[in-house]
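Reader: I'm new to this one and would like a close look at a single part. Could you pick a helix and walk me through it and what lies around it?

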Amino acid sequence: MPVYCITGTNRGIGLELVRQLSRSPSNTILATTRPSADLTDLHAAASPTTHILPCDTADLSSVRQFAESAAKLLRDPNLRIDYLINNAGLSLSAFGAVGESLHLEPDDVLKQISVNVLGPAKMVEYLMEKDVLADSVRVVNVSSVMGSLSKMGEMQPRRVAGYSISKAALNMLSVHQAGDIRSRLSRAVVVVLDPGWVRTRMGGEWATLSVEECVARSLQLVHGLGGGDNGRFLEYTGMETPW
Ligand SMILES: NC(=O)c1ccc[n+]([C@@H]2O[C@H](COP(=O)([O-])OP(=O)(O)OC[C@H]3O[C@@H](n4cnc5c(N)ncnc54)[C@H](OP(=O)(O)O)[C@@H]3O)[C@@H](O)[C@H]2O)c1
């Protein structure tokens, strides 16, 4: 009876994760959305064992409240979160915009760091405080090739500076989490996932990968993670992504 916790599930990759995981009645899913989200598609995708809960990952009190709700739902000590997928993400950079690093908008950078970095950090911290993470939890921080210092260094022209800065920071957070988490959860694994370029609102219609394929292959990867994968940066195909 695996338990999944997924953030940002009202659309895009998060919604498709719920849709595919809902096919197995043995999966318990904690699917979070911003309180203001339209839940029509999520309700249609959800199974009877999917619990839809509010969580604005940019708002620390909302993340704390969600952790409390999760602890109430998971009162049975046999039910612990086996997979925490920190999927919610925000890009405020216009895709075509080049030269953005020369005129960064401070509020936009801070908002992206808040959702893309502090959200995943506090999800782990508060869920751990509530003792609802399994000892062998797989924490999957959904990042991007845009957060790879070496890949971005090869790109010309360089794009989406604010977003890529926040995803590079998420990558570094994950390196720290991978180092620290086993002091509390002895078999835990933290990985960074690059989901590819996916046709969602964020990825746009020209993206090369369907959301169905991205999620099917990402789930295959996540289910195959072993202890030796702790701290790796992996593409949805299972290939190592360079930092
Ligand atoms: N699509 C791609 O090509 C691509 C490539 C690389 C990485 N990624 C990463 O993959 C993840 C999913 O992206 P996507 O393509 O599915 O994007 P998307 O279609 O734009 O969906 C983003 C999701 O994140 C949620 N979200 C944003 N801010 C939030 C907040 N403060 N609290 C809670 N939820 C919040 C959104 O909810 P609302 O509807 O309420 O805004 C939405 O559910 C992101 O982390 C993204 O950076 C995507």
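Author: Let's start with a word we'll need: a residue is called buried when its relative accessible area is under 20%. Keep in mind, too, that this is a predicted model.

With that cut-off, take Val160, in the loop between α5 and α6. Its relative accessible area is 4%, so Val160 counts as buried. Val160 also has an unusual backbone angle to look at: its phi is near 40°, a positive value in a residue that isn't glycine. Most residues other than glycine have a negative phi, and most peptide bonds are trans. The second half of that remark matters here as well, since the peptide bond from Gln156 to Pro157 is cis, with omega near 0°. Pro157 sits in the loop between α5 and α6 too.

Now for the helix, α6, which covers residues 161–180. How far apart should its ends be? At 1.5 Å a residue, its 20 residues should span 28 Å, and the end C-alpha atoms are 29 Å apart, so the two agree.

Plenty of α6 is tucked away: its buried residues are Ala161, Gly162, Tyr163, Ser164, Ser166, Lys167, Leu170, Asn171, Leu173, Ser174, Gln177 and Ala178. And what covers them? The cover includes the helices α4 (106–129) and α5 (149–154), along with the strands β5 (133–142), β6 (189–194) and β7 (233–235).

One residue that touches α6 deserves a stop of its own. Ser143 lies in the loop between β5 and α5, and at 2% relative accessibility it counts as buried. Setting aside residues up to four places away in sequence, Ser143 touches Lys167, Leu170 and Asn171, plus Val192, Leu193 and Pro195. With Asn171 there's a polar contact, side chain to side chain, at 2.7 Å. Ser143 also pairs up in space with a residue far along the chain: Asp194 is 51 residues away in sequence, yet the C-alpha atoms are 5.4 Å apart.

α4, part of that cover, has a detail worth a glance. Lys122 lies in α4, and its relative accessibility of 19% means that Lys122 still counts as buried. Leaving out neighbours within four places in sequence, Lys122 is in contact with Leu60, Val63 and Leu127. In the loop between α4 and β5 you'll find Asp131, which isn't a glycine but has a positive phi of about 60°.

Back to α6, because there's a ligand to meet. Both α1 (12–21) and α6 supply at least two residues each to the shell around the ligand. That shell holds 27 residues, and the closest are Asn10, Arg11, Arg34, Tyr163 and Thr200. You've seen Tyr163 already, among the buried residues of α6. Sorted by class, the shell has eleven nonpolar, eleven polar and five charged residues.

Some of the atom pairs are easy to pick out. In the side chain of Asp56, an N or O atom is 2.8 Å from a nitrogen atom of the ligand. Val198 uses its backbone instead: an N or O atom there lies 2.8 Å from an oxygen atom of the ligand. For Gly203, a backbone N or O atom is 3.4 Å from a ligand nitrogen atom. How much of the ligand does the protein bury? On its own the ligand exposes 890 Å², and the protein buries 94% of that.

Technical notes. Residues are numbered from 1 along each chain as its sequence is written. This is a predicted model: local features need pLDDT of at least 70, side-chain atom pairs count only at pLDDT 80 or more; totals for chains, interfaces and linings use all residues. Side-chain values use heavy atoms; hydrogens and water are left out. Helices (H or I, at least four residues) and strands (E, at least two) are DSSP runs, numbered from the N terminus. The expected span of a helix is 1.5 Å times one less than its number of residues. Buried means under 20% relative accessible area, exposed over 50%, partly exposed in between (1.4 Å probe, protein chains only). Contact means heavy atoms within 4.5 Å. A residue is near a molecule or strand if one of its heavy atoms lies within 4 Å of it. A polar contact is a pair of N or O atoms within 3.5 Å; within protein, one must be able to donate a hydrogen and the other to accept it, and residues adjacent in sequence count only if both atoms are side-chain atoms. Accessible areas come from the Shrake-Rupley method with a 1.4 Å probe; for residues, only the protein chains shown count as cover. Ala, Val, Leu, Ile, Met, Phe, Trp, Tyr, Cys and Pro count as nonpolar, Asp, Glu, Lys and Arg as charged, and the others, Gly among them, as polar.
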